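Student: I would like a close look at a single part of this structure, followed outward into its surroundings. Please give the account as one connected answer.

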Amino acid sequence: MEEQGAVSETEEERTAEDDGDLSVEAVSQENEPVEQFDISLAASHSYMGSGLVAVGGRSVLEAGWTGKVPVMAHHGIVFPGEIVPMLLTNANDVAVLVQTLDHDKLFGLLCPDESGNDVSGYGVLCEVFEAGEANGAPQTLTFKARANHRFRFKDMPKQSQPIEAYSRMKVVEVRVLPEVKLGDPLHQNRLLSLDNWRRERTMLDNRLRNIDAKLTPWPLFVYDIFDYHRMKQTIKDYFGNIIKTPIPEDPVSLSFWTASNLTMSIRDRLALFIVDDALLRLHMEVRLISRDSVLCCLSCSTEIARREDVFAMSSEGVHSNYTNLGGYMHDIVTVSRAQNIDLSGSPSADFSWFPGYAWSIASCAYCLVHVGWRFDALKRNMRPQQFFGLCRNYVLPRTTGRRDRSPSQSASPPYTPPRTPPYSPPPVRSSRLASLLSDLRQAGLQQIEAINIIYDMVDDEP
Ligand SMILES: [Zn+2]
């Protein structure tokens, strides 16, 4: 409890000093130059040691490719583009991976279903690009891989399969899913005679689109829902102050990058994962961005952090995967401050994911369930001086503001997510919405089911 008191005090001081200028003052007295943490250090995963060597060759797979690959279960959902650091200590897993290193260097991570207990039948193929023995220990393998293709089981399981059934590497037949980039539906129905006047993102262009829309059954705003430039700008505005690295330009990469960097429930993540159409995925993400939310303890719903305190401590973004010495991969979101946290153990810099920072175990102050770690800089002139790394699957976003739910309606302990394997989208409630969606589907948008899931979640009001 002493530790908890210490945290509360720090929080009060930080609030009073308006965004942590407290330590700036302390350091300036000593005339030490301030050093900003190099976020590329965290992305290099240097804690894995210097024994990793580059593994050559690349495998590019086409959509629809089927083949046998070794897969294993993961407790979270990894999107293409993410770096996956792993440490294998099981001799069987090591043997399987060593074989693939001589072959195509591919393995799969299976996504859990929305309950987190069973496999969803979906997963991501990862390609190893650096590998070596963990700290020189034989019978171990440590490596970094890049997630690159979504897949699903070639034969989807008829019954739910517990995630434990895939705790060890197992070879299964998978099919690579397509990444669809459908064009603007209005563009296909436009008046060709006006093409010479069209200039992207101008007032005139908007007026011409309005004219185009008048020739269809739907007003312009319906088409604008899926306008890539509008969605990209919304994402850019949202992440502008949080992530300084450039955001991807093409719709597919941007949709995965956004999914990787948003904090959301496993249900939302799975919905985004199974969508083939990048514009639809972006649309769902923009809707998620528009909701204010706080991060709460998964077990007792106590508020742990606010979304505006999320910031990037890695050039990979605000979320990154890190592995611990036991080979468990954590999906971490970094926040500049947290509340209702209890610290335990003495700070340690061993195997620290953020070089120059010591970690302490952080638990929910109310139910004492582990939620992440606090990181404290070892040097007084380092910025930030302190931050928290929260485990994405131990904190649950809860919507606030307009769509706020009273505490009695929020997930109450113990948290029991809805369990409907295999994944089945709920029906659309509003007939008006259903007819709109049906028309959008005719306009060329497939997989509207996923949008139904999101609308259902967003409109899940009492
Ligand atoms: Zn709790």
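Tutor: The following account takes strand β14 as its subject and then places that strand in its sheet and in the chain. The model is a predicted one, and every value below is computed from it.

Strand β14 covers residues 357–364. Is this strand largely enclosed or left open by the rest of the structure? Burial here means a relative accessible area under 20%. Six of the eight residues of β14 are buried, and the strand is therefore largely enclosed by the rest of the structure.

The strand has a partner on either hand in the sheet order, where β14 stands between β15 and β13. With strand β13, residues 341–348, β14 runs antiparallel, and five bridges join the two. Within this pairing, S348 stands opposite W359 in β14. With strand β15, residues 370–377, the pairing is again antiparallel and extends over seven bridges. There, Y357 of β14 faces A377 of β15. As a general matter, the strands of a sheet pair through backbone hydrogen bonds, in either a parallel or an antiparallel sense.

The connection from β14 to β15 deserves separate attention. The two strands form a hairpin with five residues between them. L368 is located in the loop between β14 and β15. The phi angle of L368 is near 65°, a positive value although the residue is not a glycine. What is the relative accessible area of L368? It is 54%, and L368 therefore counts as exposed. The turn residue L368 is thus exposed, whereas six of the eight residues in β14 are buried.

The wider sheet is an open one of six strands, in the order β11-β12-β17-β15-β14-β13, with antiparallel pairing. Which strands stand at its edges? They are β11 and β13, each with a single partner strand, so that one side of each has no neighbour in the sheet. Neighbouring strands of this sheet are turned against each other by 35° on average, direction ignored. Elsewhere in the order, strand β12, residues 329–335, and strand β17, residues 386–391, run antiparallel and are joined by four bridges. One register point in that pairing is I332, whose bridge partner in β17 is C391.

The approach to β17 contains a backbone feature of its own. P384 lies in the loop between β16, residues 382–383, and β17. The peptide bond from R383 to P384 is cis, with omega near -5°.

A further element of interest is helix α9, residues 251–261, since one of the strands of this sheet helps to cover the helix. Ten of the eleven residues of α9 are buried, and the helix is therefore largely enclosed by the rest of the structure. Among the buried residues are F256, W257 and T258. What covers the buried residues of α9? The cover includes the edge strand β11 (319–323), together with β7 (141–153) and the helices α8 (228–239), α10 (266–274) and α11 (278–289).

The contact with α8 can be described in more detail. The axes of α8 and α9 are 12 Å apart, and the helices pack at an angle of about 35°. The crossing of α8 past α9 is left-handed. On the α8 side, Y228, K232, I235 and F239 take part, and these meet P251, L254, W257, T258 and N261 in α9. The residues of this contact divide into six nonpolar, two polar and one charged.

The chain also holds an open sheet of three strands in the order β10-β9-β18, with antiparallel pairing. Its edges are formed by β10 (303–306) and β18 (395–399); each has a single partner strand, so one side of each is left without a neighbour in the sheet. The pairing of β9, residues 293–297, with β10 comprises three bridges, and within it C296 stands opposite E303.

Finally, the strand may be set against the whole chain. The protein chain has 13 helices and 18 strands. Buried residues make up 51% of its 462 residues. Of the contacts with a separation of 6 or more, 68% come from residues 24 or more positions apart. The chain exposes about 21500 Å², of which carbon and sulfur atoms supply 52%. To return to the part under study, β14 is a largely enclosed strand that is paired with β13 and with β15, and the hairpin with β15 has L368 in its turn.

Note on methods:
Residues are numbered from 1 along each chain as its sequence is written. This is a predicted model: local features need pLDDT of at least 70, side-chain atom pairs count only at pLDDT 80 or more; totals for chains, interfaces and linings use all residues. Side-chain values use heavy atoms; hydrogens and water are left out. Buried means under 20% relative accessible area, exposed over 50%, partly exposed in between (1.4 Å probe, protein chains only). Two strands pair if DSSP finds at least two bridges between them. Contact means heavy atoms within 4.5 Å. Accessible areas come from the Shrake-Rupley method with a 1.4 Å probe; for residues, only the protein chains shown count as cover. Axes are lines fitted to C-alpha atoms, for helices over the stretch in contact, and angles run from 0 to 180 degrees between N-to-C directions. A crossing is left-handed if the near helix is turned anticlockwise from the far one by less than a right angle, and right-handed if clockwise. Ala, Val, Leu, Ile, Met, Phe, Trp, Tyr, Cys and Pro count as nonpolar, Asp, Glu, Lys and Arg as charged, and the others, Gly among them, as polar.
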